[in-house]
Amino acid sequence: MNRKPLTTLGTAILVALAAPLFTSGCSGSAAADTEITTIRYQGAPNTVSLIELAGELGYLGDLDLDWVSNTTSGPQSIQSVATDETDIGGAFSGAVVNLIEAGALVTAVINYYGEDEKTFTGYYVLEDSPIHTARDLIGKKIGVNTLGAHHEAVIRTYLQASGLSPNEIAQVELVVVPPNDTELAVRRGQLDVGTLGGVLQDNALAVGGVRALFTDIGVVGGAFDAGQYVLRNDFIDANPATSKKLVTGIAQAIEWQRKTPVDEVIATFTKIIDERGRNENTSTLKYWKSVGIARTGGEITNQDFTRWAGWLKESGAVTTRLTPSDYYTNELNGLLDAGQE
């Protein structure tokens with residue numbers, strides 16, 4: 001399994017927060033009997049995660065899911081895993097690298113979101129906005145869901161590729177705004193540009209009056225996988241069968257979405273949200289189009305990390321050569337082992 005050794009820890013804070021390491025002399029079914037079967041995770045309002053979908057479809061077998069709370073962002077989600085508040089969480093590839101490079105003992109185990117021609121993130125201005133080029137963004141405000149993650153990486157890459165100098169890029173202000181509030185902030189003139197993806201983007205386009213200045217698939221140059229679920233290294237070592245069952249179930253849920261008619265996917269999402277009773281709104285689910293994940297079963301590759309090497313080095317997250325094998329493994333993904341399409 002390609003991951004940093006458990007004895008390596010980069011910061012004193014993470015030493016204090018990291019869960020104790022586990023070792024066992026047991027093997028086979030005796031060891032499996034000692035593994036945990038309840039998975040702690042964070043969700044998101046009005047949406048269904050792959051973890052929840054896998055549970056609904058029966059792909060997790062005897063594993064139970066324990067919803068701890070809703071996450072505020074990808075970096076927060078994976079930080080919660082590192083500090084043993086949850087067992088699994090997901091974030092943008094660059095945020096995963098940031099956390100591991102800071103010393104967190106976690107490993108990316110499966111891609112859980114991506115962008116394609118149907119499902120992508122757009123950076124929107126009002127239809128009559130004077131902003132038409134990257135240079136027009138100097139001195140302007142762009143709303144993002146969090147800093148140091150997907151949206152910042154795409155924006156900085158777009159600005160740099162458009163020829164802006166580091167000083168000019170520094171004059172483009174990124175403002176953290178909850179995704180559900182972004183569209184309204186743009187329409188009210190509180191933001192010059194708003195980051196919108198998924199059903200929030202489709203809802204804004206249905207209302208009208210906005211246009212995309214650029215998109216992430218346009219910046220990257222096509223479909224790509226963008227973020228990974230991570231598990232703690234000590235969790236994997238103590239619970240190898242549970243870890244494989246969890247990751248494989250998520251991989252099966254990815255392929256179920258890919259192969260299932262859209263109306264059936266939406267109906268399943270609606271059922272899950274209605275039954276969990278969190279006072280949520282399912283009206284935007286009608287805009288769901290695709291799983292967005294490019295590779296079969298959420299397989300991770302080096303390119304998922306190397307495509308952001310420039311931004312990671314510029315931000316200081318990586319100071320030496322980027323080594324993707326330090327960050328991920330596909331060994332827990334039984335769907336890949338089985339060679340299923």
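1. Let's start with Asp-216, which counts as buried because its relative accessibility is 0%, and buried here means under 20%. Keep in mind that this is a predicted model. You'll find Asp-216 in helix H10, which covers residues 216-220. Does Asp-216 have a salt bridge or no salt bridge? Despite being buried, Asp-216 has no salt bridge, and the nearest side chain of opposite charge, Arg-307, sits 10 Å away.

2. Who does touch Asp-216, then? Setting aside neighbours within four places in sequence, the contacts of Asp-216 are Glu-115, Phe-120, Thr-121, Tyr-123, His-150, Val-154 and Phe-224. Have a look at Gly-122 as well: Gly-122 and Asp-216 are 94 residues apart along the chain, yet 6.5 Å separates their C-alpha atoms.

3. Now zoom out. The protein has 341 residues, and 50% of them are buried. Its secondary structure comes to 16 helices and ten strands. If you take the contacts with a separation of 6 or more, 80% of them are between residues 24 or more positions apart.

4. Next, a bit of sheet. Strand E1 (residues 38-43) and strand E2 (residues 64-70) run parallel and are joined by six bridges. To get from E1 to E2, the chain passes through helix H3 (residues 50-56), making a right-handed β-α-β crossover. One pair to click on is Tyr-41 and its bridge partner in E2, Trp-67.

5. Two asparagines have backbone angles to check. Asn-46, in the loop between E1 and H3, has a phi near 65°, which is positive although the residue is not glycine. Asn-279 also has a positive phi, near 60°, and lies in the loop between helix H13 (262-276) and helix H14 (303-306). Is Asn-279 buried or exposed? Its relative accessibility is 80%, so Asn-279 counts as exposed.

6. On to the nonpolar core. The largest one has 85 residues, and those touching the most other members are Ile-88, Leu-137, Leu-159, Tyr-229, Leu-231, Ile-250 and Phe-305. Helix H12 (residues 240-259) gives this core its largest share, seven residues. Try selecting Tyr-229: beyond its neighbours within four places in sequence, its contacts include Ile-88, Ile-250, Val-109, Ile-110 and Leu-50.

7. Back to charges. Side chains of opposite charge can pair when their charged atoms come close. How many salt bridges does a search of the whole structure find? The search finds 18. In one of them, Glu-52 pairs with Arg-276, with the closest N and O atoms 3.0 Å apart. This pair links distant parts of the chain, since Glu-52 is in helix H3 and Arg-276 in helix H13, 224 residues apart. Glu-52 is buried, with a relative accessible area of 7%, and Arg-276 is buried too, at 18%.

8. Another salt bridge joins Arg-135 and Glu-168, with closest N and O atoms 2.8 Å apart. Arg-135 is in the loop between strand E5 (121-126) and strand E6 (141-144), while Glu-168 is in helix H7 (residues 166-169), so the pair ties together parts 33 residues apart in sequence. Arg-135 is partly exposed, with a relative accessible area of 42%.

9. Last stop: Asp-304 forms a salt bridge with Arg-295, the closest N and O atoms being 2.6 Å apart. Asp-304 is buried, at 0% relative accessible area. Elsewhere, Arg-40, Asp-84, Asp-87, Arg-232 and Asp-234 are joined into one network by salt bridges that share partners.

Conventions: Residues are numbered from 1 along each chain as its sequence is written. This is a predicted model: local features need pLDDT of at least 70, side-chain atom pairs count only at pLDDT 80 or more; totals for chains, interfaces and linings use all residues. Side-chain values use heavy atoms; hydrogens and water are left out. Helices (H or I, at least four residues) and strands (E, at least two) are DSSP runs, numbered from the N terminus. Buried means under 20% relative accessible area, exposed over 50%, partly exposed in between (1.4 Å probe, protein chains only). Lys and Arg count as positive and Asp and Glu as negative; His and the chain ends are not counted. A salt bridge is a side-chain nitrogen of Lys or Arg within 4 Å of a carboxyl oxygen of Asp or Glu. Contact means heavy atoms within 4.5 Å. Two strands pair if DSSP finds at least two bridges between them. A crossover is right-handed if, with the strands pointing away from the viewer, the path from the first strand over the helix to the second runs clockwise. A nonpolar core is a set of buried Ala, Val, Leu, Ile, Met, Phe, Trp, Tyr and Cys residues joined through side-chain atoms within 4.5 Å.
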